[in-house]
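Trainee: I am new to this structure and would like a close look at one part of it. Please take me through that part step by step.

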Amino acid sequence: MVLKTFGWSFAITALGLVAAVFYGGWEAFGIVAILCILEISLSFDNAVVNAGILKKMNAFWQKIFLTIGILIAVFGMRLVFPVVIVAVSAKIGPIEAVDLAMTDKERYQELVTDAHPSIAAFGGMFLLMIFLDFIFEDRDIKWLTWLERPLAKLGKIDMLSVCIALIVLMITAMTFATHAHQHGGTHVDKAQTVLISGIAGLITYLVVGGLSGFFENKLEEEEEREHEAEEAARRSGKKPSAVQLAGKAAFFMFLYLEVLDASFSFDGVIGAFAVTNDIVLMALGLGVGAMYVRSLTVYLVREGTLDDYVYLEHGAHYAIGALAVVLMISIQYEIPEVVTGGIGVALIAWSFWSSVRRNKALAAAGGGPGSSGDKTEVTSGV
């Protein structure tokens, strides 16, 4: 199962490392390896969230996510995206931006660094909305019950997450953005840029998430019809199959996944410049890392890991919230990638440990890993 799921990732890793050696010798080999590890550590929470969405999609769209989706992730976000940033910020053509990346790497890095406030605001707002919508939803299974119960009650207020996100954006623009750090040690007022970019991130989330939710809701009638068939399958001893998204619903879910992946990749792309300003090595390292994130997503779906370890999704969303805050703070202050990645890994590890404890408690009480309700909240121990 591991080889089948991660086989392509292993193969791409080998090709990427060999290409690095031919391109820049053993030093390039080390840089690509470091970037790969950086991308995986920063994007593990991405894989968990992706898996929660991908398991709703049928086999065809899952394959699209692994083929076309990986091309968008590797070439679009890890190679084209930094070039687009430079082209827009420097008001030059894309071909000139590529030439700049290959011939004047210091200037290329400078332009990407100067564009960081707008990138961080867009990605931070998109990820913050994902986190807020998650914690304000009333769920049967709660992890940090002392926090999630009152937040679920507050979530009944319409548009609360949007209001909070806009307040956070205003505070960020009036504090961090007014003294945003620029290349060369100077500080400039980036409040307007941050506001516009943040609102663009919010609108992107509302449009893409709204469309995917709309088409998903249209399948409710079909799911209700399938429910009777599932009950019949249970009575006959067969394993019921979940209704999976197809057609327009799956397309917009796929689009939502790609925007989500793009938001997650912002910190990885920017953080990569702390390791190298060579666009080729950057694309190789981050691209290989992105492959592992895709493979891990599929592994979680096929193994049913999220069903067995029910708090993993909670941990991943808290990691998303932490990453959103980090992105906003990074508009003014430089935050090491090890801190960003460490927070995400720690939260997911904590949620995994809580899930294991819950499963053991349920097993001792005669329940099962998929049980839910008040009993789950008591036995979670957090």
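Trainee: How many salt bridges does the count come to? Please look closely at the residues that form them, and then place them against the rest of the protein.

Mentor: The model is a predicted one. In it, the count of salt bridges comes to two.

Take the pair Glu137 and Arg139. Their side chains meet in a salt bridge, with 3.1 Å from N to O. A salt bridge here requires the nitrogen to lie within 4 Å of the carboxyl oxygen, and the 3.1 Å of this pair satisfies that. As for exposure, the partly exposed class lies between the 20% limit for buried and the 50% limit for exposed. Glu137 has 42% relative accessibility, so it counts as partly exposed. Arg139, at 24%, is also placed in the partly exposed class.

The other pair is Lys142 and Asp138, whose side chains meet at 3.0 Å, again N to O. Here the two partners fall into separate classes. Lys142 has a relative accessible area of 8% and is therefore buried. Asp138 has 55% relative accessibility and so counts as exposed. This salt bridge thus joins a buried lysine to an exposed aspartate.

Now the surroundings. The protein has 15 helices and two strands, and 49% of its 382 residues count as buried. Its largest nonpolar core has 69 residues, and those with the most contacts inside this core are Met57, Phe126, Leu127, Ile130 and Ile135. Helix α5, residues 116-135, supplies the largest share of that core, 12 residues. Another core, of 10 residues, lies apart from the largest one; Val83, Ala87, Leu100 and Ile279 are among its members.

Leu100, one of the residues of that other core, also takes part in a contact between two helices. Helix α3 (residues 94-103) packs against helix α4 (residues 105-114) at an angle of about 120°, and their axes are 5 Å apart. That angle makes α3 oblique to α4. On the α3 side the contact includes Ala97, Leu100, Ala101, Met102 and Thr103, and on the α4 side Lys105, Arg107, Tyr108 and Leu111. By type, the residues of this contact divide into six nonpolar, one polar and two charged.

One figure covers the protein as a whole. Among contacts between residues at least 6 apart in sequence, 79% join residues at least 24 apart. The salt-bridge partners themselves, Glu137 with Arg139 and Lys142 with Asp138, are the pairs to find in the structure.

Conventions: Residues numbered from 1 in each chain as written. Predicted model: local features only at pLDDT ≥ 70, side-chain atom pairs only at ≥ 80, totals over all residues. Heavy atoms only, no water. Axes fitted to C-alpha atoms, helices over the stretch in contact; angles between N-to-C directions. Helix = DSSP H or I, 4+ residues; strand = E, 2+ residues; numbered from the N terminus. Parallel < 35°, antiparallel > 145°, perpendicular 65-115°, else oblique. Contact = heavy atoms within 4.5 Å. Nonpolar A, V, L, I, M, F, W, Y, C, P; charged D, E, K, R; others polar. Buried < 20%, exposed > 50% of the residue type's maximum accessible area, 1.4 Å probe, protein only. Core = buried A, V, L, I, M, F, W, Y, C linked by side-chain atoms within 4.5 Å.
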